[in-house]
Amino acid sequence: MSLPHALVTLLMLAASSCHGFSITGHRHERSLEEDEDWVRGKEEAANLSSTINEILANYDPKLRPNAGGEPVEITVEIKVVSFGELNEANMDYSMDIFFRQWWYDPRFRHNSSTPFNMAGDPSKLFWTPDTYFFNVKRIKYHYVTRENMRVMIYSTGKIYFSARITLTAQCDMDFRLYPMDTQHCPLIIESYAHTTDDVDYKWRKTVANKGKGIEIVSQEMAQFELAGIDTKLRDTKNSKGSFAGLSVIFSFKRRLEYFVSSVFSPGVTLVMLSWCCFWISRDAVPARASLGITIILTAIVLCGSVNEAMPPVSYSKAQDYFLLVSFGFIFLSFLEFVIVLNTDPDPKWLQCLLVCLRLRPKKRGKQPLKLMDVVREKENSSNTEPDTELIDAEISHSPETSTPAVNSHVGGCGHTLTQRVVVSNGGQGATVMLFDNTGAMHQGKIQVKPINKDPPKKRKKISSHWVDIISRIIFPASYIAFLVLFWRNFVDQAPF
């Protein structure tokens, strides 16, 4: 179909609709009352438009309502469509709102029962409040598909003005309890040029906004949840006078799920991994050293990464205390291995302590036997085979093969020998020969340990170092106590 034919068709449709016909050519059934209402509404709209134009023709937008008289009372309501991001690094937050204002202007009184409704910027036509946001960094009015503004003028002279705004406001944040913190972000509204003698503000309290003047459509945020809203009246005084205003404080409580998954869980895991060194043998130096160094480097990377998105504040945050103490436990577990390598695994004081606590039986050292005692043990022995058992013995002086020499050793014990004893001294041992009454000789050989020439003792192999055993208890108990105190201290301080 060509363009001329299309235009002709549209004109026919418009003509038929104006004359009460449908597309098929049948007339719409409409009652006489509907026709009268339609005609009456059309006339009233035309009269209202004409009245508003007459008012604007003689209207001075530079003068406020009741100029020179009572101040204009501005009633304010904010409808929050959505909250944006809370930026810790820049200390600001953003939101998308409908900003609504009501006030009375007697110059717009008219007799129409229908309010005048218009979509557009009224500041170019008549007086509007010079309301501004005191702590806003950036603000944007929406103009798609045209100005997102609405004006309604009632017959009593009451004016309603609504505009859609996206703004980013300053928020002074305190991170001492981070990430158990709750940030209180204000939005301050004031008159820019008019003092309290000209303009006054108040919140519009309704059931929809729960009597606070703030209506929330959506409060979903990524890392925060809306904990509360507090609205107040504000009166600012400076050298230029006293300015009325309003303030609303949004309280945002941080969610802990992200902190638990990205900081707390990795930190606790690294500390627990450092305890694994206590169960590794002290002889496995490469294994314990490599594990300790790897965990320390990982902890340093974790501490640096979690603070990238945070401002460089001059005080310590709760998260910093947690990471610092966790890193301290990891570093101490590495120093513990150095102590293990440079201390005795079974010192004498520990032996005495265990004996006193009855955790280890008391060792009875072998008393070296005098040669006289050995002879006494052998005198009644019926064993004629050489004694191959190694017996510790002590020889005060080198015995001779003569009987008097033997008697000098044996006689001191007060025992009367019934056999003749002959001792022959050798380099590593002594041969003891016993003669009974019949003259039969019995020979046995004992090992003699020279005085002050003790052979080296074999060190008993100990499975775990005493420092490792103590660390297996002290480190976990201390860290668990720290975690309990950490959560009780900072969570109790966090305002909910």
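In this predicted model, K317 keeps company with F175, R176, Y178, N307 and M310, leaving aside residues up to four places away in sequence. The lysine sits in the loop between α4 and α5, the latter spanning 318-341. Despite that loop position, K317 is not out in the open: its relative accessible area comes to just 5%, so it counts as buried, the cut-off being under 20%.

On the helix side of that loop, α4 (residues 285-306) pairs up with α3 (residues 257-275). Their axes come within 10 Å and cross at roughly 165°. With angles over 145 degrees taken as roughly antiparallel, α3 therefore runs roughly antiparallel to α4. The crossing of α3 past α4 is left-handed. On the α3 side, the contact is built from S262, V263, P266, G267, L270, L273 and S274; α4 puts in L291, I295, T298, A299, L302 and V306. Sorted by type, the residues of this α3–α4 contact come out as nine nonpolar and four polar, with no charged ones in the mix.

As for annotation, the unreviewed UniProt entry lists residues 258-279, 291-309, 321-341 and 466-487 under "transmembrane region". How helical are residues 258-279 in the model? That stretch is 82% helix and 0% strand, and its end C-alpha atoms lie 33 Å apart. Residues 466-487, for their part, are 100% helix and 0% strand, with 32 Å between the end C-alpha atoms.

Technical notes: Residues numbered from 1 in each chain as written. Predicted model: local features only at pLDDT ≥ 70, side-chain atom pairs only at ≥ 80, totals over all residues. Heavy atoms only, no water. UniProt positions renumbered as here; feature names shortened; annotations may be inferred. Helix = DSSP H or I, 4+ residues; strand = E, 2+ residues; numbered from the N terminus. Axes fitted to C-alpha atoms, helices over the stretch in contact; angles between N-to-C directions. Parallel < 35°, antiparallel > 145°, perpendicular 65-115°, else oblique. Left-handed = near helix turned anticlockwise from the far one by under 90°. Contact = heavy atoms within 4.5 Å. Nonpolar A, V, L, I, M, F, W, Y, C, P; charged D, E, K, R; others polar. Buried < 20%, exposed > 50% of the residue type's maximum accessible area, 1.4 Å probe, protein only.
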